[in-house]
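The exercises below are to be worked through with the sequence and the model in view. Each task sentence is followed by a solution that goes step by step.

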Amino acid sequence: MACVNGRLRAEFCLRENTGTHCTPRVLAEEVVLHALESLVYEPDPLQMADTGEWRLKSKARLLV
């Protein structure tokens, strides 16, 4: 934090300086897809590999 013209201002370091990394969108989508599949489909992917047999759970079932 720094004080500029009497106002407190947050200062952000560049990613290169902090050693952080931005996950590519394609990788993030892949991770989320596989993490959530078993929660939203019946039968879930671990029970049946054939994606044609998967059905989305109802909203009521998802909120149980």
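A residue is called buried under 20% relative accessible area, exposed over 50%, and partly exposed in between, with a 1.4 Å probe and protein chains only. This is a predicted model, in which local features need pLDDT (the predictor's confidence in each residue, from 0 to 100) of at least 70 and side-chain atom pairs count only at pLDDT 80 or more, while totals for chains, interfaces and linings use all residues. Residues are numbered from 1 along each chain as its sequence is written, and side-chain values use heavy atoms, with hydrogens and water left out.

**Exercise 1. Describe the surroundings of proline 43.**

Step 1: place the residue in the fold, where helices (H or I, at least four residues) and strands (E, at least two) are DSSP runs numbered from the N terminus; proline 43 then falls in the loop between β3 (41-42) and β4 (55-56).
Step 2: classify its exposure; with a relative accessible area of 27%, proline 43 is partly exposed.
Step 3: list its partners, taking contact as heavy atoms within 4.5 Å; once neighbours within four places in sequence are set aside, proline 43 touches Met48, Glu53 and Trp54.
Step 4: for one of these, glutamate 53, the C-alpha to C-alpha distance to proline 43 is 7.5 Å, although the two are ten residues apart in sequence.

**Exercise 2. Find the salt bridges and say what each one joins.**

Step 1: apply the criterion, a side-chain nitrogen of Lys or Arg within 4 Å of a carboxyl oxygen of Asp or Glu; the structure contains two such salt bridges.
Step 2: in one, glutamate 29 pairs with arginine 25, with the closest N and O atoms 2.8 Å apart. Because these residues are four apart in helix α2 (residues 25-40), about one helical turn separates them. Glutamate 29 is partly exposed at 43%, whereas arginine 25 is exposed at 64% relative accessibility.
Step 3: in the other, the side chains of arginine 61 and glutamate 42 meet at 2.8 Å, N to O. Arginine 61 belongs to helix α3 (residues 59-62) and glutamate 42 to strand β3, so this pair ties together parts 19 residues apart in sequence. Arginine 61, at 44% relative accessibility, is partly exposed, and glutamate 42 is partly exposed at 32%.

**Exercise 3. Which strand has the lowest confidence, and which the highest?**

Step 1: begin with the chain, whose pLDDT averages 78, with 69% of the residues scoring at least 70.
Step 2: compare the elements; confidence is lowest in strand β1 (residues 2-4), at a mean of 56, and highest in β4, at 90.
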